[in-house]
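Welcome to a short guided tour. Open your viewer, get ready to select residues, and follow along stop by stop.

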Amino acid sequence: MNSHKTSLQFPVICGLAAFLGLAVTACSPSPGKTAAPGPVPAPAPVDPAILADGQRIFNEVCAQCHLAGEGVPSLNPPLIGSAVLKDRPEAAIRNVLKGSQGKTIVNGQKFTGIMAPLDYLSDDEVAAIVTYVRKRFTDTPDPLVTPKQVAAQR
Ligand code: HEC
C-alpha cells in the first residue's frame with residue numbers, strides 16, 4: 001500500500017469530481033458508515049394505520065409474555081434489541097406462525113418459556129405486528145414487513 005500516493009491523489013480526484021459536478025461517494029464529508037446504532041428507532045415510512053393495528057394486537061396477544069418488550073428473565077426473551085427481530089424478519093415471522101421453544105439465546109442465556117404457534121392470525125395481522133415490534137424495539141431503518149412475506153413463511 002502506498003499511502004502517500006493515495007493521500008495526494010484523493011483531494012485531486014475529489015476536486016476534479018466537484019469541478020465536473022460528479023457525486024463521488026468517497027469525497028462526501030460524512031460517510032454513513034461512521035453512524036453508530038442508537039437506542040432510538042430511526043423513523044421509517046410505515047403507514048401509521050399498520051402500526052396502530054400492530055400495537056393493538058401486540059397488547060392483546062404478545063404483551064402477556066413479552067411485557068413491554070423487556071420479557072421475563074429466564075422465561076420469555078426480551079424483544080428490545082433482539083438481533084433476530086432486527087436482522088432476520090423471516091425468522092421472526094416464523095416465530096409467530098409456528099411458535100418456538102428452547103431456541104432463543106440472548107447473552108448466552110436460554111429461556112424456558114414456550115411460544116405457542118399463533119397461526120390463527122391473518123397475513124395482514126402478522127405483518128402489522130412484526131412491523132410494529134421491529135419499529136418499536138429495534139433500530140432497523142426499514143421495519144416494514146409485508147403480508148406477502150408472511151404468506152411465504154406459512
Ligand atoms: C405464551 C408466551 C408468548 C407469547 C404469547 C408470545 N411469545 Fe414470543 N416468545 C416466547 C418465548 C418463550 C420465546 C423463546 C422461545 C425459544 O426459546 O425458542 C419467544 C420468542 C420470540 C421471538 C424470538 C426472539 C429472539 O431474539 O430470538 C420473537 C421475535 C417473538 N417471540 C415475538 C413474539 C410476538 C410478536 C408475539 C405476539 C404475536 C409473541 N412473541 C407472543 C413467548 C411468547
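The bend at a residue is the angle between two fitted axes, one for the seven residues ending there and one for the seven starting there. This is a predicted model, in which local features need pLDDT of at least 70 and side-chain atom pairs count only at pLDDT 80 or more, while totals for chains, interfaces and linings use all residues. Residues are numbered from 1 along each chain as its sequence is written.

**Stop one: the bent helix.** Select helix α2, residues 48–66 (helices are DSSP runs of H or I, at least four residues, and strands are runs of E, at least two, numbered from the N terminus). Centre your view on Asn59, where α2 has a kink of about 50°. Now colour Ile50, Gly54, Phe58, Cys62 and His66, which are buried (20 or more other C-beta atoms within 10 Å of a residue's own, with C-beta atoms placed from the backbone). An α-helix has 3.6 residues a turn, so residues three or four places apart point the same way. Show α5 (123–137) as well: α5 is part of what covers the buried residues of α2. Just after α2, click Leu67, whose phi is positive, near 50°.

**Stop two: around the ligand.** Which element supplies the largest share of the shell around the ligand? Helix α2 does, with 5 residues. By type, the shell has 17 nonpolar, 10 polar and 1 charged (nonpolar means Ala, Val, Leu, Ile, Met, Phe, Trp, Tyr, Cys and Pro; charged means Asp, Glu, Lys and Arg; the others, Gly among them, are polar).

**Stop three: a buried loop residue.** Select Phe111, in the loop between β3 (109–110) and β4 (114–115). Phe111 counts as buried because 22 C-beta neighbours lie inside 10 Å. Finally, add Ser74: its C-alpha atom is 4.7 Å from that of Phe111, although the two are 37 residues apart along the chain.

Methods. Buried ≥ 20, exposed ≤ 12 C-beta atoms within 10 Å, placed from the backbone. Expected span 1.5 Å × (residues − 1). Contact = placed C-beta atoms within 7 Å.
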